[in-house]
Amino acid sequence: MANEEHLALLKQGIEIWNEWRQKNPDIIPDLKEAQFRKANLSNANLGRTLLNNADLSEAFLQEANLVEADLEEANLVKASFLEANLEKANFIEANLAEADFRKANLNKTKFWGANLIKTKFNQASLVSANFTGAYLVGATLVGSDLTEADFRGANLGGADLGGANLNRANFRRADLFEADLSGANLIGASLNKAQLKRAYLSRANLSETDLSESDLSLVQAVQANFTGAKLTGTCIEDWNINSETNLDDTICEYVYLQRNQKERFPINRNFQAGEFAKLFQKASSILELIFHNGVDWIALSYSLGRLQIEQEDAQLAVQSIESKGDGVVVIKVQVSPEANKPQIHDQFWKGYEFASQALEVQYQARLKDKDQQINQLFYLLDKLSDAPKLISANTITQIDQRHSSFGVGVNPGEINAKKLSGIHNEVTDAD
């Protein structure tokens, strides 16, 4: 319970209270469990005051001095701490839902287990603040200084940290689902095992950040800077990056292409130094080719080879071939940023479909004359010798078996040269 004498002094007004505090600096005021709902305590000197379990809901504490104040388990719902000094204050397990801390000083403040839903910290100073296990769902920390703040295990789902300074902050195992970190400074921060699904990281500086084993699925990371970041074991399922996303010097041994540590990539080895950046640096310049009934590999080679000649400036290169099950195969083709992807997409499918139809006739003929069919296939492969170079060394797990028997030991020189030239002429005419 509150000290009745201290409580009576405060009720006489802020000027009398502050004068008493100035004359008695060694006394620690006891206002535990006091009722201050909607009270106006602006500019009050409450430094080192015991306010445990006090009711300060909707109270006005603008520019108040709460340095080292003890507000453990206090009710601070919708309280206003605008420009207040709360350095080293204790908010452990306090209810701060919708409280307003804009431009407040919260350096080295403790928020362990506190409820901070929809709390506003815009432009506040929270250097070394401790939010371990705190509930910050929907909180606003736009432009705040959170250098070395501790968010271990905190729930920041949907929180807005846009432009915040999170230099060396600790988010280990924190939940940042759909959090907005756009333009935030996260240099040297720890996001190890953090949940970042659907988070916004565009233009964020994540250089030298530890993101190992974190969930980056569906994140928006356009123009983000990952220079020197640790990405080993992260999930990058459907993440969105572009040619301005910087992956230089990233430290990454492997990633997961599906959540819950599924579809490890590479499958049975680790990335070599710089390999991850080389594979994913220009991921925004990716053309996805989706096949629903397996892949006709000869038609694929033909169409890509033709595109390589006709779209030389596009710099086509197959990045990955992924089986999605049930006959669905996704082939990702890297193109130059300036390339006209819709045009290339249409041209590919036009050539692929025509080649598939032409080869279907040959496939039926193969059933009658296997030797002649094998010669035709090797002739096609010989003529398309440049096209297979586009295909990377990725493991292919889904193959249309109808087109997979190429044969062994046949001399390509015995093939009739009229076969492929006829297909090429017909495709050219079809365009």
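The following exchange goes through strand pairing, salt bridges and burial in a predicted model.

Trainee: What makes strand 1 and strand 2 a pair?

Mentor: Pairing needs at least two bridges between the strands. Three bridges join strand 1 (residues 255–258) to strand 2 (residues 262–265), so the two count as paired. They run antiparallel, and V255 stands opposite F265. In the hairpin they form, three residues lie between the strands, and N260 takes a positive phi near 60°.

Trainee: Why is the contact of R102 with D100 called a salt bridge?

Mentor: The cut-off is 4 Å from a side-chain nitrogen of Lys or Arg to a carboxyl oxygen of Asp or Glu. The closest N and O atoms of R102 and D100 are 2.7 Å apart, so the pair qualifies. By this rule there are 12 salt bridges.

Trainee: Why is D100 called buried, and what is R102 called?

Mentor: Buried means under 20% relative accessible area, and D100 has 11%, so D100 is buried. R102, at 34%, falls between 20% and 50% and is therefore partly exposed.

Trainee: How do you know that K332 and E288 form a salt bridge?

Mentor: Their N to O distance is 3.8 Å, which is within 4 Å, so the rule is met. K332 lies in strand 5 (residues 328–334) and E288 in strand 3 (residues 286–291), so the salt bridge ties together parts 44 residues apart in sequence.

Trainee: Which residues share a network with K332?

Mentor: K332 also forms a salt bridge with E322, at 3.7 Å from N to O. Through shared partners, salt bridges join E288, E322, K324 and K332 into one network.

Key:
Residues are numbered from 1 along each chain as its sequence is written. This is a predicted model: local features need pLDDT of at least 70, side-chain atom pairs count only at pLDDT 80 or more; totals for chains, interfaces and linings use all residues. Side-chain values use heavy atoms; hydrogens and water are left out. Helices (H or I, at least four residues) and strands (E, at least two) are DSSP runs, numbered from the N terminus. Buried means under 20% relative accessible area, exposed over 50%, partly exposed in between (1.4 Å probe, protein chains only).
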